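Biologist: Please pick one part of this model and look at it closely. Then tell me what empty space there is, and how far the prediction can be trusted.

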Amino acid sequence: MRVKAIMIRILLQLAHDKRTIGLMILAPILVLTLLSFVFDGSDYHPRIGIINAPLNFVNKLEDNDAKVIRYTENNGDITLKASEIDALINFEGGVPKITLEGSDPSKSQAVIKLTQSALSLSGLSKAVKPDITYLYGYENMAAFDNFGPILIGFFVFFFVFLIAGVAFLKERTTGTLER
């Protein structure tokens with residue numbers, strides 16, 4: 001009975017406080033709008049390092065808007081570890097060995113999709129199956145694994161701001177802020 005009375009009193013106070021309702025409705029809409037701008041993806045053109053690749057395969061990659069850079073074996077590994085390229089493709093004995101940087105799953109998937117497309121268009125997909133390894137991350141890594149920790153910090157910051165704003169509003173409406 002007492003819980004019901006407290007609930008009714010709080011709801012009546014909220015109904016009379018337009019600023020709190022505005023903060024509860026407009027602030028989440030603003031945050032969701034900002035999140036949509038942050039996570040709105042556009043087409044990604046991967047940067048791929050190539051070692052000993054056939055020319056027709058490289059041409060197919062470039063035709064699909066990939067930035068292709070030729071490396072020696074030593075330079076390619078160093079560049080991949082420095083995250084300057086998204087993948088390193090090495091044709092050892094005619095078999096493509098793909099080493100993905102792997103920290104961003106969307107980039108890894110874009111490289112795999114583009115590589116498979118280029119292999120099939122150049123006529124190499126029937127003869128060989130690529131060997132895929134990851135420098136960081138793993139094969140089943142989801143996009144949330146990449147930006148989840150960032151969102152935790154963002155929502156902690158947002159809710160602290162929201163709770164502090166509601167507390168200041170409550171102090172202002174009750175008149176205790178001046179005291």
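**The contact of H1 with H2**

Modeller: Leu 14, Ala 15 and His 16 of H1 touch Lys 18, Thr 20, Ile 21 and Met 24 of H2. By class, that contact has four nonpolar, two polar and one charged residue. This is a predicted model, so read every value here as computed.

Now the geometry. Two packed helices are described by the angle between their axes and the distance between the axes. For H1 and H2 (residues 18–39), the axes come within 5 Å. They cross at roughly 90 degrees. Angles of 65 to 115 degrees count as roughly perpendicular, and H1 and H2 are therefore roughly perpendicular to each other.

The same spot leads into the empty space. Rolling a probe the size of a water molecule over the atoms shows where such space is left. The largest pocket has a volume of about 220 Å³. Its lining is made of Ile 10, Gln 13, Leu 14, Asp 17, Thr 20, Val 166, Lys 170 and Thr 173. Helix H1 (2–16) and helix H6 (143–174) are the elements that give two or more residues to it. Leu 14 and Thr 20 serve both in this lining and in the contact of H1 with H2. The lining divides into three nonpolar, three polar and two charged residues.

Next comes the second largest pocket, at about 160 Å³. Lining it are Ile 51, Glu 73, Asp 77, Leu 80, Lys 81, Leu 88, Asn 90, Glu 92, Lys 97, Thr 99 and Leu 135. Here the elements that give two or more residues are helix H4 (73–81), strand S3 (87–92) and strand S4 (95–100). H4 gives the most, with four residues. By class, five residues of this lining are charged, four nonpolar and two polar.

Enclosed space comes last. One cavity of 30 Å³ or more is counted. The largest cavity holds about 40 Å³. Asp 86, Glu 101, Gly 102, Ser 103, Asp 104, Lys 107, Ser 108 and Val 111 line the largest cavity. Four of these residues are charged, three are polar and one is nonpolar.

On confidence, the chain averages a pLDDT of 81. At least 70 is reached by 94% of the residues. Strand S1 (residues 47–51) has the highest mean among the elements, 91. H2 has the lowest, 78. That brings us back to the start: H2 is the helix that gives Lys 18, Thr 20, Ile 21 and Met 24 to the contact with H1.

Methods
Residues are numbered from 1 along each chain as its sequence is written. This is a predicted model: local features need pLDDT of at least 70, side-chain atom pairs count only at pLDDT 80 or more; totals for chains, interfaces and linings use all residues. Side-chain values use heavy atoms; hydrogens and water are left out. On a 1 Å grid over the protein atoms alone, a cavity is a set of points where a 1.4 Å probe fits but cannot get out, and a pocket is an open set with protein on both sides within 12 Å along at least five of seven lines; lining residues have an atom within 4 Å of a point. Grid points are joined across faces, edges and corners, and a volume is the space filled by probe spheres set on the points. Ala, Val, Leu, Ile, Met, Phe, Trp, Tyr, Cys and Pro count as nonpolar, Asp, Glu, Lys and Arg as charged, and the others, Gly among them, as polar. Axes are lines fitted to C-alpha atoms, for helices over the stretch in contact, and angles run from 0 to 180 degrees between N-to-C directions. Angles under 35 degrees count as roughly parallel, over 145 as roughly antiparallel, 65 to 115 as roughly perpendicular and the rest as oblique. Contact means heavy atoms within 4.5 Å. pLDDT is the predictor's confidence in each residue, from 0 to 100.
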